[in-house]
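This report describes one protein chain, taking its overall make-up, its strands and its annotated site in turn. The sequence and the structure are shown here.

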Amino acid sequence: MNAPAVLNDEAAMRLALAQATQAHAAGEVPVGAVIVLNGEVIASGFNQPIGTHDPTAHAEVIALRAAALRLQNYRLPECELFVTLEPCAMCAMALMHARFKRVVFGATDPKTGVAGSVLDLFGYRQLNHHTVIEGGLLGDECGDLLRSFFRERRAQQKALRLAAAEAGAAVGEVGLPPRADPA
């Protein structure tokens, strides 16, 4: 039996991008994550907060839960996370509590990213665990997927507003009877 191939960083991020594509197909913000131990993927996940009605169902958390179950341990000190978007505060703290060795992300998040964009939670020396952070791996591809998703979502919202406005105009053209004066 052959040993599993050891993934390099780019291959791991491409798997995370595949997870993000699944999120996009499900109508979720396209973020994907994979967790690697000794060069082998042990867990993966994609954003699912809308479909699961769970605000904690970020890609990182889904993958983290699966890895912890697989290894039967809440501490994952030799694991590395590859995620398509810079982690938020919730995910960053979960990764630090799990004692992750390294986090590699693709696109930066200028609104909620805490690996240097808005804050750098991973850089706080007062915290008791320090995770190595690397950003920008396949950042353009990861960012393009997110931009495409939000462009599509804005176009859908615009089409809905236009349809509602046209429906309202059509109702007005039919000529509803004037409202009776309550006096």
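## Overall make-up

Of the 183 residues in the chain, 38% count as buried. The model is a predicted one. The chain holds five helices and five strands, and read from the N terminus the elements follow the order α-β-β-α-α-β-α-β-β-α.

Among the contacts in the chain with a separation of 6 or more, 58% are between residues 24 or more positions apart.

## Strand S3 and its partners

Strand S3 spans residues 79-85 and is mostly covered, with seven of its seven residues buried. One residue in this range, Cys79, has a relative accessible area of 1%; Cys79 is therefore buried, since the cut-off is under 20%.

S3 pairs with two strands described here. With strand S1 (residues 32-37) the pairing is antiparallel and runs over five bridges. Ala33 is the residue that stands opposite Val83 of S3. With strand S4 (residues 102-107), S3 pairs in the parallel sense, also over five bridges. Within that pairing, Glu80 has Arg102 in S4 as its bridge partner. Between S3 and S4 the chain passes through helix H4 (residues 89-97), and this β-α-β crossover is right-handed.

## The annotated site

An unreviewed UniProt entry places the feature "binding site" at His58, Cys88 and Cys91. These positions are spread over 34 residues of sequence, yet they cluster in space, with a largest C-alpha distance of 9.3 Å. His58, Cys88 and Cys91 are also in the lining of the largest pocket.

## His58 and Cys88

His58 is found in the loop between helix H2 (49-52) and helix H3 (59-71). Its relative accessible area is 22%, so His58 counts as partly exposed. Leaving aside neighbours within four places in sequence, His58 is in contact with Asn47, Cys88, Met90 and Cys91. Two of these partners, Cys88 and Cys91, carry the same UniProt feature as His58.

Cys88 lies in another loop, the one between S3 and H4. With a relative accessible area of 14%, Cys88 falls under the 20% cut-off and is therefore buried. Residues up to four places away in sequence not being counted, Cys88 touches His58, Glu60, Thr112 and Val114.

## Cysteines and disulfides

How many disulfides does the model contain? The count comes to zero. Cys88 is in no disulfide, and the nearest cysteine sulfur, that of Cys91, is 3.7 Å away. A disulfide requires sulfur atoms within 2.5 Å, so the Cys88 and Cys91 sulfurs do not qualify.

## Met90 beside the site

Met90 is placed in helix H4, the helix through which the chain crosses from S3 to S4. Is Met90 buried or partly exposed? Its relative accessible area is 32%, so Met90 is partly exposed.

Apart from neighbours within four places in sequence, Met90 is in contact with Pro55, Thr56, His58 and Val61. His58 is thus a contact of Met90 and, as described above, of Cys88. Val114, one of the residues touched by Cys88, lies 24 residues from Met90 along the chain, and the C-alpha atoms of Met90 and Val114 are separated by 9.4 Å.

Conventions: Residues are numbered from 1 along each chain as its sequence is written. This is a predicted model: local features need pLDDT of at least 70, side-chain atom pairs count only at pLDDT 80 or more; totals for chains, interfaces and linings use all residues. Side-chain values use heavy atoms; hydrogens and water are left out. Buried means under 20% relative accessible area, exposed over 50%, partly exposed in between (1.4 Å probe, protein chains only). Helices (H or I, at least four residues) and strands (E, at least two) are DSSP runs, numbered from the N terminus. Two strands pair if DSSP finds at least two bridges between them. A crossover is right-handed if, with the strands pointing away from the viewer, the path from the first strand over the helix to the second runs clockwise. UniProt positions are given in the numbering used here, feature names are shortened, and annotations may be inferred rather than shown by experiment. On a 1 Å grid over the protein atoms alone, a cavity is a set of points where a 1.4 Å probe fits but cannot get out, and a pocket is an open set with protein on both sides within 12 Å along at least five of seven lines; lining residues have an atom within 4 Å of a point. Contact means heavy atoms within 4.5 Å.
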